[in-house]
Amino acid sequence: MQKRLTLGFFFTLFICTTFIPIVWMFGSSLYEDGRFSFVYYRDIFFTQRYVKVILNSLILASITTALALLAGVPAGFFLSKTNLPLKNVFKICFLIPFIIPSYIVGIAWANLLGRTGFLNTLLSQYTTLSPESISNFMYSLYGASFILSINLFPVIMLMTEYALKNVNPRLEESGLIAGGIFQVVRQITLPLVAPAILSSMMIVFILSLSEFGIPSLLQVNVLTTQIFTQFSAFYNEKAATAIAFPLIVITIMLMILEQVYFRGKSFEILGRRASNETIHYQERWLTVAGTLFCTFIFILCVIVPLITLMVNSKTVSAYYDAFRLAKNGIKNTILYGSLGATFLTVVGFFLGYLSEKVRSKLKNSIAPFIWLFFAVPATVIGIGLIKVCNRPEGIFQFIYGSLWIIILGYGARFLPLSSRIMANYFKQVSNSTEEAGIVMGASWFRILKKIIVPLQGHGIVAAWLISFMFCVGELGTTILVYPPGHETLPITLFTVMVNSPANIVSALSLIIVAMTLLPLGIFLATSRYFLTMKAKGSRVLR
Amino acid sequence: MNVLEVKHVIKILGKKEVVRGVSFEVERGQLLALLGPSGCGKTTTLRMIAGLEVPDYGEIWIDGALASSGQKVVMAQKERHIGMVFQDLALWPHMTVYKNIEFGLKATGLTRAERQKRIKAVFDKVNMQKYANEYPARLSGGQQQLIAIARAIATEPKLLLMDEPLSNIDAQLRDDIRKEIKRIQQETEITTVYVTHDQEDAFLLADKIAVMNAGVVEQIDNPEEIYFFPGSLFVANFIGESNAIRVRIVDRDKVVTPWGELVCRTKGHERGEAFLFFRPHQVQIEQNGFYEGVIIKREFIGGRYRYYIEIPKGEIKFYNQKFYRIGEPIRFSIKEANLLFS
């Protein structure tokens, strides 16, 4: 009974924060003057302008996926299959573009390739390209795809690497006896990991479709920015909802396809350990090629953006000014990020438990159902929350006007992620550890306190830190729901970008980078701690 | 008196009936082995007794009280007073050995002093006192097994359930732990249900064996009866090596074998097909034996040979220390045979 009530409570909480706002929003967009009406939807599907916006979104997602594939698969291959020097350093550094908010990389590259940017000047001097054409490229669908692929290639890289590490080495060894490396890689290894690569491509496609920060920064007209414009500029919430409709349909259909076809393998990597037994190709030329490739990606995705921001911030006083300007934002971000991460960890813990450890007829449907909401674009979540909470009743008014609307926004956006992380950690613990407590007659709360929670120590720390990173950089939902005086750092950045000097914007970007990378450092340090504990033999059994 | 009674229990998982009307009883102090191949429903039956699965039909009685009836759970796990040793042992890696054992005692509401006394007693029983403050991962496989047993018996349960506890350890250690289990069970006189797929475990440990196949109990008996008088063709084939020759019943107590007519108890049947069952060691080579055949295959199995004799429409196995050539015709008798129906 204790277990049912607790899990029921948290699942209801998830439904209330994520499912109801979206359904409510779509439901109300079908009513016009108290009557059932498709008027807004008709405008979407029969106006050429909107068809072009939908096409833009699809082009953006396709180019991004293709570029991310070109970078991610070789990077994943070199990291898992060769003896690359500094392999772990590369791996951690390649996570940076995914962890720091995408618009930060965008700001850096826009600075470089913008009309007065350093690289723009250089390119226009030594090539036939004009400064305008370079700048136009940056502020176009192609520029946005380029930046987004920097942000998202780590997803493909991680999933490829994880899948490659889990390929049974005997299958490759039996191939190597008969053929060369190329033949084995082409005919054995790649076909075996193809489903994982396809699955990661689909995730990248979905995430690019629902991205708001980059298109908004580079003024690219796609569905997410249209939703925001309709809602914030024209206050036309129903039109915003109608625009969101095709986006939701495309993303959810892709998500369902991914779930059905690949049995929800995406993000299995979070919290799961790959097999230790992997074939490493020792060929020197492969190591050299891998080193060159990884260094190139490292420079392009990490060094260039970060150095650009550092150079652009120019003086120490820029940081001082940025701090002064964003004092409130920094304070709010740390507070809301911590509260959000705690909320996400607690609710994610129980949702992860529900989807992994509770046997019911719905067991196989719960995890895919929760994961489906990861595809919902941030701006759609924002409008949904406003729709539900913007009403005169006491509790709604309280939430709507306070920091809790932001926390709810974080919850709606990232609960699928935190519950997935926890579910993967739960997968590693045998059911019998809990059953051993049950047969002894202990209550579920006692089992929870003494067995389940202590055994998930690492999972809980990982879920909190990853949630914190994502909360700190969150823009799409927060920009719609934040009440006056509650702006977070990304909001401050987007506000000051228009009228502040570039050096302050760069300094502020670097502050956000530091705030997101700090938890990564803590995560790596604690991982080492847990691994040391394991090595001592006091944590993990058999 | 019976400590456990399982009556016509049925369990459906998905669309498959994994346990199909299982019934058995276990007397106080007895060890019953549930023996059967993988997927026969033995672990599911054990989990239903523990209350970890809810049966769909049937009743489970523990110490004279109804524990579950159909899908209705009458007794919660706590009230069942059960100790359980899991296949993967399920020792909690974040707790010391002492804390592992103390966990169940805390749930029973004993005072600290009483708990200490109980834990000391249980450590003495398994001779593991010196490992009290170790974490389970620091112990060897055998020591972990003993701690898992100690944890299960510390609460002095009415019933001890063991789910293939020896399946993950090597042969030599397995033998030692098996002896320990036998000793502890006899000393504590704890009523036990032991699930295994290994007939050696069942024969060495059990007072009574229930052989399960495809969700049903095929036979319950003491080990000797199970071995010499299997109740079905499945039991005959699953337990030890056997010979089963297809025969035709032509009259009451009269069958036609490949060698001609034979007088044999037909258990009331007067017509139909059946199998004549006998163990290889029940075949004796005699100069004036009743039957004849030709040796077609010989295998050395350490200290003796296993021979295969070709007979009309089949072959039979027997053991002998003497060397016979392949192709050699021999005469033999069957000392004891039993008729089985498929």
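**Close-up views of chains A and B**

**Figure 1. Surroundings of Tyr98(B) in helix α3 of chain B.** Leaving aside residues up to four places away in sequence, Tyr98(B) touches Ile119(B), Ala132(B) and Asn133(B). The model shown here and in the other views is predicted. Tyr98(B) counts as partly exposed because 17 C-beta neighbours lie inside 10 Å, and a residue is called buried at 20 or more. Leu139(B) is 41 residues away from Tyr98(B) in sequence, and the C-alpha atoms of the two are 13 Å apart in space.

**Figure 2. Surroundings of Trp61(B) in strand β4 of chain B.** Strand β4 covers residues 57-62 of chain B. Trp61(B) has 19 other C-beta atoms within 10 Å and is therefore partly exposed. When residues up to four places away in sequence are not counted, Trp61(B) touches Glu5(B), Leu66(B) and Ala67(B). From Trp61(B) to Asp221(B) the separation is 160 residues in sequence and 20 Å in space, C-alpha to C-alpha.

**Figure 3. Helix α5 of chain B and the elements that cover its buried residues.** The helix takes in residues 141-153 of chain B, 13 residues in total. From first C-alpha to last, α5(B) reaches 19 Å, close to the 18 Å expected at 1.5 Å a residue. Of its 13 residues, 10 are buried, so α5(B) is largely enclosed by the rest of the structure. The buried residues are Gln144(B), Gln145(B), Leu146(B), Ile147(B), Ala148(B), Ile149(B), Ala150(B), Arg151(B), Ala152(B) and Ile153(B). Their cover includes the strands β7 (82-85) and β8 (159-163) of chain B. It also includes the helices α3 (97-107), α4 (112-126) and α6 (171-188) of chain B.

**Figure 4. Chain B as the setting of the preceding views.** Chain B contains 9 helices and 21 strands. Its C-alpha atoms fill a box of roughly 75 × 45 × 35 Å, taken along the principal axes. Chain B has 342 residues, of which 39% count as buried. Among the contacts in chain B between residues at least 6 apart in sequence, 63% join residues at least 24 apart.

**Figure 5. The side of chain A that touches chain B.** Contact between the chains involves 20 residues of chain A and 21 residues of chain B. On the chain A side, α21 (431-439) and α22 (444-455) each supply at least two residues. The most come from α21(A), which gives 7 residues. By class, the residues on this side of chain A are 10 nonpolar, 7 polar and 3 charged.

**Figure 6. Packing of α21(A) against α22(A).** The axes of α21(A) and α22(A) are 10 Å apart, and the helices pack at an angle of about 170°. With an angle over 145 degrees, α21(A) is therefore roughly antiparallel to α22(A). On α21(A) the contact is made by Thr433(A), Glu434(A), Gly437(A) and Ile438(A). These residues meet Ile447(A), Ile451(A), Ile452(A) and Leu455(A) of α22(A). The contact of α21(A) with α22(A) divides into 5 nonpolar, 2 polar and 1 charged residues.

**Figure 7. Crossing of α8 and α10 in chain A.** Helix α8 (residues 141-165) and helix α10 (residues 181-209) of chain A have axes that come within 9 Å and cross at roughly 150°. This angle makes α8(A) roughly antiparallel to α10(A). The crossing of α8(A) past α10(A) is right-handed. From α8(A), the contact uses Leu148(A), Leu152(A), Val155(A), Ile156(A), Met159(A), Thr160(A), Ala163(A) and Leu164(A). Residues of α10(A) in the contact include Thr189(A), Val193(A), Ala196(A), Ile197(A) and Leu207(A). By class, the contact of α8(A) with α10(A) has 14 nonpolar, 5 polar and no charged residues.

**Figure 8. Packing of α1 against α18 in chain A.** Helix α1 spans residues 2-29 and helix α18 residues 378-389 of chain A. Their axes are 8 Å apart and the packing angle is about 80°, so α1(A) and α18(A) are roughly perpendicular to each other. The α1(A) residues in the contact are Ile20(A), Pro21(A), Ile22(A), Trp24(A), Met25(A) and Ser28(A). They meet Val380(A), Ile381(A), Ile383(A), Gly384(A), Leu385(A), Lys387(A) and Val388(A) in α18(A). The contact of α1(A) with α18(A) has 10 nonpolar, 2 polar and 1 charged residues.

Key: Residues numbered from 1 in each chain as written. Chains lettered and ligands numbered in written order. Predicted model: local features only at pLDDT ≥ 70, side-chain atom pairs only at ≥ 80, totals over all residues. Helix = DSSP H or I, 4+ residues; strand = E, 2+ residues; numbered from the N terminus. Expected span 1.5 Å × (residues − 1). Buried ≥ 20, exposed ≤ 12 C-beta atoms within 10 Å, placed from the backbone. Contact = placed C-beta atoms within 7 Å. Nonpolar A, V, L, I, M, F, W, Y, C, P; charged D, E, K, R; others polar. Axes fitted to C-alpha atoms, helices over the stretch in contact; angles between N-to-C directions. Parallel < 35°, antiparallel > 145°, perpendicular 65-115°, else oblique. Left-handed = near helix turned anticlockwise from the far one by under 90°.
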